[in-house]
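Please walk me through this protein in the viewer. Tell me what to select at each stop and what is to be found there.

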Amino acid sequence: MNMDMKINRISTIAAISLAAVSCSDFLNLSDPNAVTTENYYTSVDDIQNSVNGTYAVLKESNFLGSSACYFEDNKARLLIYPDTGVGGGENAQFDNCTVQAGNQMVLSRWNAIYKCIDRVNVVLKHIDDIKYSSEDLRSQLEAEVRFVRALCYYTLVCDWGPVPVVLQKLGSLAEVNAANVRQPKEVVYQAIFDDCKFAAESKLPDLQSAANCGRASRVAAKTLWAKAALQMATDEDFKDRKAELCNVALTNLKDAWGKAPFANFTTVPVDEIWDVTNQASAKESIFQLVYIGGSNSANSTFNTQFRPTDIDDPAKEVNSTAASGGHFMPFNTTTSIYNEAGDKRFTTLMAKGAHKGNETYYTLKYTDLDASGYYGCNNVVLRYADVALMLAEAYYHTGDAAKAQEFVNLVRARAGLSGVTVSGTALRDVIYKERKREFAYEFKAFSDMKRGYSKAEIQSLMTADGATEYSNTDYYLPIPHAQHILNPTGLYQNEGY
């Protein structure tokens, strides 16, 4: 019996002794795709298949797939999901700021992320089992999975704060138990920075070609590195490192901006990257999760998630089959965000509808009229508007109002709006309002809010929006109860749950 099979047996025994709560919920102790033999990796194709397996987990529903909006846009109250009976009311907990430790969607997100990390660690364990035609190829494969792992830990630290950090394939139940302990946020961020630095300095291309859309690149690594640095810089727990971290962000963002495949950002159409037939070649693209239209196993469901039961204009249908309703933006939220006439992000990418008689709006970002019902809309994780607005954020947070205005005005100009000349907190509010307008329905809203506003300010914003249940407890997700009970001390619960 090989080691992986022995470990799986250990996990099974442990599960029985823990009243059917499996330790493997924290980290899957088998190789990806149920591979259990130590000698599986005999060719580059074997490694490449496992690298592909790490990207595949990113697309799981509650990670960056069809339900990702619950953890960002819904939690920030940018979107609502009015069918509250679904899932025993667990869906509604995100709208109502009442998420509980037993929420199965939270557990699913946690498990998917750690499954992805485990797959990365398996690749890194076996990457030198074979010989490569060039060292560059090996470097690229390692860089890809380390970028994926950085994206995993970025999501974890935004959602939960301190979390377990596992950077190698665990070989025994004892190692799993030792690793199943929350690490300080600075340890999590350092893991992100290290992985992003490796990928940014690797032999990956600056940007991937259309044929390789969906794979990591050096610009993607620099953009993620900058985003994590900004997230840490604006965390009140790291206020003493704010200037240092903002400078890290600026260095990476300026380099990413310098690699852009366009001369003038304002000439890139706001809807180019949402053209499902040309997403892979869009000039704004940095990193996407790629789906395949017409396939019942590799398709996306984003467009069916973002459609009310009734639409006002049949020309603005988002799919070929009428849906029963999903996540959409309330009328008053839409009109308060897109309150400047001529905003192309409203006139081009939003449409009006109704759900059970209530007027609402929905997005056209995920339009796909494929008659098969299996859609190919990608999740655009990183794009150049994000780089521009993060440059505005970083310059604002380092006190350079003029440069912050320059970059926020680039995004506004592309959207057909005039420039702003405000400073101080008014400039901050403009930047983060532009992020709401630009990235609505793109699963960034609550993490963005955390970068822009203090805990006390978020409390006030939520209260003003009618979120009477919101408190500082809701700043982080609860550690899933099924995980917490495995190690109540090491996996201590977040405050208030």
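Which residue lies over the face of Tyr291, and at what distance from the ring centre? Select Tyr291: Lys59 lies over its face, 5.0 Å from the ring centre. A charge counts as sitting over a ring if NZ of Lys or CZ of Arg is within 6 Å of the ring centre and within 35 degrees of the ring normal.

Before going on, note that this is a predicted model, in which local features need pLDDT of at least 70 and side-chain atom pairs count only at pLDDT 80 or more, while totals for chains, interfaces and linings use all residues. Residues are numbered from 1 along each chain as its sequence is written, and side-chain values use heavy atoms, with hydrogens and water left out.

Colour the chain by pLDDT, the predictor's confidence in each residue, from 0 to 100. The chain averages 90, and 90% of the residues score at least 70. Residues 1-26 have a pLDDT below 50, and so do residues 29-37. Where pLDDT is low, the predicted coordinates should not be read in detail.

Return to Tyr291 and add Trp274, Phe302, Phe306, Tyr366, Tyr441 and Phe443: ring pairs link these residues into a cluster. Rings of Phe, Tyr and Trp (its six-membered ring) pair if their centres lie within 6.5 Å; planes under 30 degrees apart are stacked, over 60 edge-to-face, and the rest tilted. The whole structure has 29 aromatic pairs.

One of these pairs is Trp257 with Tyr384, which is edge-to-face, with 5.9 Å between centres and 70° between planes. Trp257 belongs to helix 9 (residues 242-258) and Tyr384 to helix 13 (residues 384-397), so the pair ties together parts 127 residues apart in sequence. Helices (H or I, at least four residues) and strands (E, at least two) are DSSP runs, numbered from the N terminus. Tyr384 is buried (under 20% relative accessible area, 1.4 Å probe, protein chains only; exposed is over 50%, partly exposed in between), at 0%.

Now select Ser447, in helix 16 (residues 445-452). Ser447 is also buried, at 6% relative accessible area. Leaving aside neighbours within four places in sequence, Ser447 is in contact (heavy atoms within 4.5 Å) with Glu72, Tyr154, Cys158 and Gln231.

Last, show the open sheet of 4 strands, ordered 2-4-5-3 with antiparallel pairing. Strand 2 (310-311) and strand 3 (329-330) stand at the edges, each with a single partner strand, so one side of each has no neighbour in the sheet. Strands pair if DSSP finds at least two bridges between them; 6 bridges join strand 4 (residues 350-355) to strand 5 (residues 358-363).
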